[in-house]
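Biologist: Here is a chain I would like to go through step by step. Please show the sequence and the structure before we begin.

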Amino acid sequence: MKINFVDLGRQYKDIRDEIKEAMDSVLERCDFILGSEVEKFEKDFAKFCQTKFCVGVDSGTSALKLALESCHIGKGDEVITVPNTFIATALAISEAGAKPVFVEIDPDSYNIDTSKIKSKITKKTKAILPVHLYGQMADMDPIIEIAERHNLKVIEDACQAHGAVYKSKKAGSIGHIGCFSFYPGKNLGAYGDAGAITTDDEEIAEKIQMLRNYGQKQKYHHLEKGMNHRLDTIQAAVLNVKLKYIERWNESRRRLALLYNEKLKGVAITPKEMHYGKHVYHLYVIRVNEASERDRLLEHLKSKGVAAGIHYPIPIHLQKAYSDLAIKEGSFPVTEEFSKKIISLPMFPELTEEEVDYVADSVKGFGG
Ligand SMILES: *Cc1c(COP(=O)(O)O)cnc(C)c1O
C-alpha cells in the first residue's frame, strides 16, 4: 500500500462539479477582485465562526500581520506566543515590527502553558497570540483573564483549527481577532493561498478591510498606508463550496483519530483531547518514548509506503532566522523534547479505515 500524508485529489473528485461551476461563474461575471463570492464567504464564514465580522485576506500569515497592525502593535512592542508552532506565527509578529516572546507549551495539549504566561509580561507586552495547534484550541479562559488584567489584546492563530470548539465557542470567536489560513492542506483549504480574520469588533473589521486594500474605503481615497492583501474571488468561490462540507469533514477526521487512538494504545503516546473542547485534527500527532526511535520509525513507515511528517522539527527559538533573539537551547525543554519525539501520521477526511489500520499496523510493526 501507498498512503499519502494528505490527498487533495480524493476530495476534488467528490466536489469537482460544484467547484467547476463556482469557478466558471466567477469567470463569466469577471468580478475577479473583491467580487460577490468574497462577500458571501465573509458573511458565511463569520456565521460559521460565531462572530459578527469576517474579512478575507490573501493568506494566514497576512491575517496575523494585519490583525496585529489593526491593534496598533508594531515597533517596540512584544507579543506572547509559543515556540512550538509553524514559523508563520512568529514571522507575522516580526513583519508587524514587534518582537515574539515565547512561552513553553503544556505537555498534554501541546498548546501554550497558561501558567507560564504571567512571568513573560513586561511593560512592552501588547498581545497574547495563542496558537490552536494541530486543531485543538488553547485553554482560552485563563488567557482571556490574564489579558483583561493586563490590558492586552488576544489574537487567536486559528490557522489549523477551523471549526474547533472551546466550551461551546468556536475557534476565532474568543479573542479580539481570530486568524485563519486556507492554504490548500488546511481543514478548510482553497486552491491556492487565502486567509481571513474574524472579529466582533466593527472598528477592527473596517480597519482590516482598509489595510488589505491599499488603505482605502472609497476608491482612490487612501486613509492609511495599506497594502494589497485581498482574498482572491476565485479562491472565495472555492471556499464557498467547501464551507458546506467542513463540519462533515471535521467529523470524519475525528472518527479517524479515534480509530488511530484505539489501534495505537500502548504503542505510542496518542493525542489527548482536552475536556474543554473539540479537536478537529488538522494533524494527528503521536509521540514516541525515545528520541532515538523517531527517525528510525519515520524510515520504517517510509519503507511501508506511509508518508508521515514532523510538525515541527525545529522550535522557532532555535531557527536560524531567530538567532537574533539569542534564546539558548534548553530554554523550552518540553517544546524541544517533543520536537524530537513527534510524528504526524496521515490524516485527511477521505482517508479510509483500512488505511488507518494499515498505518497503525505499520507503526506497531516497528521494532524500536
Ligand atoms: C498555515 C499556518 C499559518 C500560515 O498560513 P498561510 O496561509 O500559509 O500564510 C500560520 N500559523 C499556523 C499555525 C499555520 O498552521
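Modeller: What follows is a set of questions and answers on this model, which is predicted.

Biologist: In what order do the strands of the open sheet of 7 strands stand?

Modeller: Strands of a sheet pair through backbone hydrogen bonds, either parallel or antiparallel. In this open sheet of 7 strands the pairing is mixed. Strand 1 and strand 3 (99-102) are the edge strands, each pairing on one side only. Read across the sheet, the order is 1-9-8-5-4-2-3.

Biologist: By how many degrees are neighbouring strands of this sheet turned against each other on average?

Modeller: The sheet in question is the open one with the order 1-9-8-5-4-2-3. With direction ignored, its neighbouring strands are turned against each other on average by 25°.

Biologist: Which residue of strand 9 is the bridge partner of Val-57?

Modeller: Strand 1 (residues 53-57) and strand 9 run antiparallel and are joined by 5 bridges. One of the pairs sets Val-55 against Ile-197 of strand 9. For Val-57, the bridge partner in strand 9 is Gly-195.

Biologist: Which residue of strand 8 stands opposite Gly-195?

Modeller: Strand 8 (residues 177-181) also runs antiparallel to strand 9, and 4 bridges join the two. The residue that stands opposite Gly-195 is Ser-181.

Biologist: How many of the residues of strand 9 are buried?

Modeller: In a regular strand the side chains alternate between the two faces of the sheet. In strand 9 (residues 195-199), one side has Gly-195, Ile-197 and Thr-199, the other has Ala-196 and Thr-198, and both faces are covered. Strand 1 is mostly covered as well, with 4 of its 5 residues buried. For strand 9 the count of buried residues is 5 of 5.

Biologist: Do strand 5 and strand 8 run parallel or antiparallel?

Modeller: These two strands are joined by 3 bridges. In one of the pairs, Glu-156 has Gly-178 of strand 8 as its bridge partner. The direction of strand 5 and strand 8 is parallel.

Biologist: What angle does helix 5 make with strand 5?

Modeller: Helix 2 (residues 36-48) lies across strand 1, strand 8 and strand 9, and runs at about 130° to strand 1. Helix 5 (residues 140-150) packs on the sheet too, touching strand 4 (125-128) and strand 5. The direction of helix 5 makes with that of strand 5 an angle of about 150°.

Biologist: Which strands stand at the edges of the sheet of 3 strands?

Modeller: This open sheet is antiparallel and has the order 7-6-12. Strand 6 and strand 12 pair over 2 bridges, and Val-165 has Lys-278 of strand 12 as its bridge partner. Each edge strand has a single partner strand, so one side of each is left without a neighbour in the sheet; these are strand 7 (169-170) and strand 12 (277-278).

Biologist: Are helix 3 and helix 4 roughly parallel or oblique to each other?

Modeller: Two packed helices are described by the angle between their axes and the distance between the axes. The axes of helix 3 (residues 60-70) and helix 4 (residues 88-95) come within 8 Å and cross at roughly 40°. Angles under 35 degrees count as roughly parallel. Helix 3 and helix 4 are therefore oblique.

Biologist: How many charged residues are in the contact of helix 8 with helix 11?

Modeller: The axes of helix 8 (residues 246-264) and helix 11 (residues 353-364) come within 10 Å and cross at roughly 30°, so helix 8 is roughly parallel to helix 11. The contact includes Arg-255 and Lys-263 of helix 8 and Glu-353, Asp-357 and Lys-364 of helix 11. By class, this contact has 8 nonpolar residues and no polar ones, and the number of charged residues is 5.

Biologist: Is Gln-160 buried or exposed?

Modeller: Gln-160 is in the loop between strand 5 (153-157) and strand 6 (165-166). Among the residues Gln-160 touches are His-132, Tyr-134, Val-280 and Tyr-312. Buried means under 20% relative accessible area. Gln-160 has a relative accessible area of 5%, so Gln-160 is buried.

Biologist: What is the relative accessible area of Tyr-12?

Modeller: Tyr-12 is in helix 1 (residues 8-29). Beyond its neighbours within four places in sequence, Tyr-12 is in contact with Ile-19, Lys-20 and Tyr-191. Tyr-12 is partly exposed, and its relative accessible area is 26%.

Conventions
Residues numbered from 1 in each chain as written. Predicted model: local features only at pLDDT ≥ 70, side-chain atom pairs only at ≥ 80, totals over all residues. Heavy atoms only, no water. Buried < 20%, exposed > 50% of the residue type's maximum accessible area, 1.4 Å probe, protein only. Contact = heavy atoms within 4.5 Å. Pairing = 2+ DSSP bridges. Axes fitted to C-alpha atoms, helices over the stretch in contact; angles between N-to-C directions. Parallel < 35°, antiparallel > 145°, perpendicular 65-115°, else oblique. Nonpolar A, V, L, I, M, F, W, Y, C, P; charged D, E, K, R; others polar.
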